[in-house]
Amino acid sequence: MLKKLSLSCCFLLTSFATFSQSELPLWEEPLKSVGEVPEDFFRNFEERVAIENDNIRKSSARFESDSQEEYVEESEFYLNRFLASGDILYGDAVSQYCNEIVDLLLKDDPELRAKIRVYTVRTPSVNAAATNSGILLVNHGLIAEAENEAQLAAVLAHEIIHYRESHSVDQYLERERRSEAASGWFSDEDEEELENFNKYSQEHELEADTKGLEDYYLPAGYSHREAEYMMDILLYSYLPFDEIPYEKEWLERGPVSYPMEYYLEDLKPITAREDFDDSETSHPNIKKRKEAILERETAGNDGAKYLISEERFKNAQKIARFESARMYMEHKALASTLYQCFLLDKTYGPSAFSSYLRAVTLHQLADYVQFNVIDKAIPHYEKVEGQSQQIYFLLRHLSYEDIRSLAVAHSYEYIKQYPNDIKGKELFDLSMRALFEESYLQDDDFVREFEAEMREEKIDSVAEASRGRSSKIANIRTRRGTSNLLKDKEAAYHYNFVPYFGDSLFAESFSKAAKEYANEKEEDSDDNVKVTRIRVTTPSKYDKPVQAHGIDRVLFLTPVYAQTRKIDSDEEEVRYAKTERMRQDYHKELFKVARVAGLEYDFLDYGSLDKRDEEKFNDLMILRSYLYERIKQPKGVNYVSTVDLVKDVMAKYDTKYLVFTGNKTARMPYSLGIFTLYYSIFFPPSIPYAFGNLFVTDYESVAFMVVIDTETGELVFYDETEYSTKDSPDYLRSVLYNQLIQIKQEKS
Amino acid sequence: MINFNRLTYLTLLLLLSLSTGFAQSAPGYLGKRDIISYRGLIGPGFQPSGPEIDYNVDGSRGEYDLWGLFYENQLSYERVMSRKFSLRTSLSQQSFHFGTSILNEGFYFGDDYYRLESFIPGNAMGIEIAARWYYKHFAPLGWYYEIFVGYQNVSYGEVNFEWIGSSSNPNIVIEPGSRSLFPVGFGWGYQRIFEDKYLVGFGTQISYAFASPPDNYFDAIPDQESLEESVKKAAGAGASSGRLFPFYFTLGYLL
């Protein structure tokens with residue numbers, strides 16, 4: 001267990017908390033890195049490892065050299081990957097603000113300040129981290145939830161201590177030491193060791209809390225109390241940035257409310273406790289941390305919530321909250337995306353950003369329901385706490401038709417409000433087409449006008465509210481009144497378009513889509529073609545059909561590579577240095593084979609950047625983000641929220657085809673070839689093979705290649721090739737050629 | 001010498017049609033789908049290393065090697081047909097000696113006793129077609145299994161049997177002859193490519209040519225026809241014995 005933990009120890013992740021100027025980036029202006037690209041992002045692995053080894057040797061003589069080098073290789077490897085994930089930002093308004101806070105905290109220690117670089121991470125999770133090389137990473141989720149600048153400063157001070165005291169190296173070595181000592185036969189001993197190790201880690205956390213407070217936070221002039229309050233932010237960090245009750249009108253459309261059964265009467269209570277059992281966690285519980293912070297006495301007044309600027313904090317927080325919504329979408333947390341948009345509307349007022357994201361989310365959600373994979377996008381509501389639970393519950397109860405029609409309604413409202421937005425029009429057309437093509441709905445399934453009794457009921461219920469009744473009573477009566485009109489609980493979608501049929505744009509689009517689908521159906525029936533909504537084909541494992549796409553030019557995105565050693569069926573070790581070397585070789589092979597296949601290409605990779613490549617750095621971020629969102633979608637879904645941004649980026653590289661590729665090779669555990677040799681005696685011709693088997697190591701490899709048409713979001717090519725050999729050049733070339741030639745060759 | 005019979009023409013026709021039909025589904029190695037190679041098959045066989053037979057002064061047979069080293073040259077052409085399959089066709093040649101059977105023990109022919117003057121030189125030329133399945137990687141790389149069928153023409157020169165005795169009976173002379181064999185077999189091997197054009201490989205195989213050994217006449221051959229038949233059978237057994245369990249190496253070039 002300890003060994004497993006050691007694999008993720010490249011950063012000391014601290015549950016703590018973060019930010020600048022510039023306009024709020026709405027959808028058209030996502031947050032981008034600014035200025036020269038720091039060397040951290042493109043320095044090669046060998047150099048990075050050598051520098052880090054030198055640093056550790058100079059700063060400390062505590063470490064065994066073997067363990068140290070092993071640690072450095074491991075941590076630099078994961079750091080390298082993280083920096084190349086496309087989620088790290090530098091020089092932007094938020095990162096700049098965080099850097100300025102660190103300037104304040106370390107104003108009396110310029111030597112230490114010069115060693116620290118602060119970057120922000122595009123993720124809604126509430127966290128921050130310090131690496132042993134002096135990089136502080138602050139998550140947007142943390143900045144989104146912190147209440148003020150002081151709280152953010154408390155987290156940064158905490159992380160500075162982790163770096164200054166080399167906690168991450170200490171913990172790695174301690175873990176290794178304990179892991180070796182506990183490698184006995186009894187798992188109980190392991191558990192005891194793990195508990196002891198957690199105590200060791202918790203001591204480091206408390207040290208970072210208190211020393212950060214004493215050495216940097218309080219001397220800078222920040223409020224003592226806010227450091228304690230920050231602990232509450234951590235306690236509730238699993239909840240969204242606010243707890244505003246969900247309002248059903250935010251999503252519902254048309255004159256008819258969804259039945260009451262679609263909404264939770266009682267929300268699950270929030271269960272987080274300050275004094276939780278921390279025997280199995282690396283961090284002490286919140287109660288202990290608060291106590292440790294309050295033990296430090298402060299002289300005079302409490303200090304300030306803001307030393308730089310409240311306005312800049314609020315701006316950074318706003319950016320982080322909007323970016324978090326984008327990241328929820330990227331990670332396909334669709335219910336969280338919708339609740340985050342709801343919170344953004346309530347906190348900052350309706351925006352084009354949240355309106356568009358809401359429509360995209362509904363469109364994508366309909367696909368998840370269609371393919372029966374809703375669990376991937378909407379976790380069960382019982383796993384959720386707080387006000388957002390309501391939306392999880394609702395989305396689980398809406399019918400497929402409800403969601404499809406809601407997607408159309410919301411995308412139509414978006415284009416009505418932003419008529420010049422091309423991507424909005426595309427989304428509306430796509431949603432409208434899907435309404436007919438991807439479901440069995442027909443134009444007469446939708447009511448064009450209120451029925452008389454419904455109009456009366458609606459008016460009555462509205463009047464009820466206007467007669468001065470309390471909001472509570474009016475809401476209850478309205479909800480009951482309209483929902484009672486439904487003939488059955490599945491029928492709400494029939495009324496979703498009632499408010500829009502009067503608009504010529506909507507009515508024309510609706511009629512056109514319905515007519516086109518009716519014509520298609522007629523043609524299909526004429527040809528006696530059986531119409532199936534979902535076609536699933538399973539290609540042969542060994543000889544898949546060969547594809548031909550006739551694509552001439554592509555853009556390769558940073559490939560992924562791994563070379564591992566399987567210890568047993570559960571455990572696998574990454575060969576860090578080897579992986580990095582092979583990743584470089586893989587690039588060369590990829591280009592060489594592309595040339596042989598006659599495929600023109602361009603290439604974007606963090607390793608090939610230099611400090612002047614700010615634009616390419618941002619292109620990489622947009623493309624990685626697009627890719628994550630696209631490849632996480634279930635089969636059949638192909639609309640990506642960042643489609644317009646990606647089109648602009650791809651135009652620079654003169655292609656619309658984005659290629660993502662990678663390879664993993666695992667060296668298998670030694671097999672008892674001696675048995676093969678023994679049995680070969682009964683079949684003499686197999687003796688040479690069996691004899692060779694004694695000395696030949698088995699490998700299992702898998703190579704994948706994905707090609708996405710960024711204009712349509714269509715996955716035009718996907719190949720996953722398994723092969724039972726090592727990743728030697730001839731094998732790699734053969735696999736790559738097999739993939740690339742299918743992309744290049746013309747259809748016959 | 002080789003009879004390019006119908007089988008050969010059928011083989012070539014089959015290769016041509018398959019290669020055209022699968023053109024798009026066989027990327028081969030960087031687009032190279034054709035390989036010419038030399039294969040050397042080596043293994044133990046009932047083949048004496050030379051023509052000399054060591055007889056003792058009393059006329060009895062002296063020491064000699066029952067097993068000799070079999071060696072066959074093959075010129076091969078391999079065509080990658082799909083990602084995992086290829087077809088191989090080979091022209092083969094082996095020179096050998098045979099006769100390590102009843103024939104060199106001496107035998108009664110009527111009332112007279114004869115023995116083989118020296119081991120008989122033979123030559124086998126053939127053609128083989130194999131279907132290969134590359135089970136660990138794409139053709140033509142890595143480990144593969146193959147099955148093959150072939151045709152072999154085994155020929156031999158004039159055979160002299162000398163008379164053992166005091167009178168001066170003439171030797172028995174068997175005219176040069178030939179026989180056909182149809183080997184089938186199964187093999188597996190391994191291939192790698194260097195510099196994108198050179199191929200190196202090795203493998204082993206098991207094959208059977210349906211070549212029955214000479215009949216045991218219990219030291220008596222009834223007539224000339226039976227003797228000729230025995231020589232033919234011995235030639236076939238000699239040629240095919242080495243191919244039973246040979247090891248082979250391959251040196252090739254990707255076209």
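Surface patches were assembled from residues with over 30% relative accessible area and no salt bridge, with like charges joined within 9 Å. In the predicted model, Glu158(B), Glu175(B), Asp223(B), Glu225(B), Glu228(B) and Glu229(B) gather on the surface in one such patch, of negative charge. Among these residues, Glu158(B) occupies the loop that runs between strand E7 (142-156) and strand E8 (159-164) of chain B. The relative accessibility of Glu158(B) is 47%, and the residue therefore counts as partly exposed.

A second patch on the surface of chain B is nonpolar in character and consists of Ile36(B), Phe194(B), Tyr198(B), Val200(B), Leu251(B), Tyr253(B) and Leu255(B). Together, these residues present about 650 Å² of accessible area. Two or more residues of the nonpolar patch are contributed by strand E12 (198-208) and by strand E14 (247-254) of chain B. Ile36(B), another member of the patch, is found in strand E1 of chain B. With a relative accessibility of 40%, Ile36(B) is classed as partly exposed.

The overall composition of the two chains was then examined. Chain B contains two helices and 14 strands, whereas chain A contains 26 helices and 11 strands. Of the 255 residues in chain B, 53% are buried; of the 748 residues in chain A, the buried share is 55%. The exposed area of chain B is about 11400 Å², of which carbon and sulfur atoms supply 61%. For chain A, the exposed area is about 33000 Å², and carbon and sulfur atoms supply 49% of that area. Within chain B, when contacts with a separation of 6 or more are considered, 75% are accounted for by residues 24 or more positions apart.

Charged pairs were considered next. Side chains of opposite charge can pair when their charged atoms come close. Over all chains, the structure holds 55 salt bridges. In chain A, one of these joins Arg43(A) to Glu39(A), with the closest N and O atoms 3.1 Å apart. Glu39(A) has a relative accessibility of 43% and is accordingly partly exposed. A further salt bridge in chain A is formed by the side chains of Arg733(A) and Glu589(A), with an N to O distance of 2.6 Å. This pair links distant parts of the chain, since Arg733(A) belongs to helix H26 (residues 729-744) and Glu589(A) to helix H21 (residues 576-597) of chain A, 144 residues apart. Arg733(A) and Glu589(A) are both buried.

In chain B, a salt bridge connects Glu128(B) with Arg39(B), the closest N and O atoms lying 3.8 Å apart. Here too the pair links distant parts of the chain: Glu128(B) is located in strand E6 (residues 120-134) and Arg39(B) in strand E1 (residues 34-45) of chain B, with their positions 89 residues apart in numbering. Glu128(B) is buried, its relative accessible area being 4%, and Arg39(B) is likewise buried, with a value of 1%. Through salt bridges that share partners, Arg39(B) and Glu128(B) are joined with Glu72(B), Glu78(B), Arg88(B), Arg132(B), Glu146(B) and Arg243(B) into one network. Strand E1 of chain B thus carries both Arg39(B), a member of this network, and Ile36(B), a member of the nonpolar patch.

Backbone geometry was also inspected. Most residues other than glycine have a negative phi, and most peptide bonds are trans. In chain B, the peptide bond from Ala139(B) to Pro140(B) is cis, with omega near 5°. Pro140(B) is situated in the loop between E6 and E7 of chain B. In chain A, Ser166(A) has a positive phi, near 50°, although the residue is not a glycine. Ser166(A) lies in the loop between helix H7 (149-164) and helix H8 (167-181) of chain A. The relative accessibility of Ser166(A) is 14%, and the residue therefore counts as buried. A positive phi, of about 60°, is also adopted by Lys332(A), again a residue other than glycine. Lys332(A) is placed in the loop between helix H12 (310-330) and helix H13 (334-348) of chain A. At 3% relative accessibility, Lys332(A) is likewise assigned to the buried class.

Methods:
Residues are numbered from 1 along each chain as its sequence is written. Chains are lettered from A and ligands numbered from 1 in the order in which they are written. This is a predicted model: local features need pLDDT of at least 70, side-chain atom pairs count only at pLDDT 80 or more; totals for chains, interfaces and linings use all residues. Side-chain values use heavy atoms; hydrogens and water are left out. Patches are made of residues with over 30% relative accessible area and no salt bridge: like charges are joined within 9 Å, nonpolar side chains (Val, Leu, Ile, Met, Phe, Trp, Tyr) within 5 Å. Accessible areas come from the Shrake-Rupley method with a 1.4 Å probe; for residues, only the protein chains shown count as cover. A salt bridge is a side-chain nitrogen of Lys or Arg within 4 Å of a carboxyl oxygen of Asp or Glu. Lys and Arg count as positive and Asp and Glu as negative; His and the chain ends are not counted. The place of a charge is taken as NZ of Lys, CZ of Arg, CG of Asp or CD of Glu. Helices (H or I, at least four residues) and strands (E, at least two) are DSSP runs, numbered from the N terminus. Buried means under 20% relative accessible area, exposed over 50%, partly exposed in between (1.4 Å probe, protein chains only). Contact means heavy atoms within 4.5 Å.
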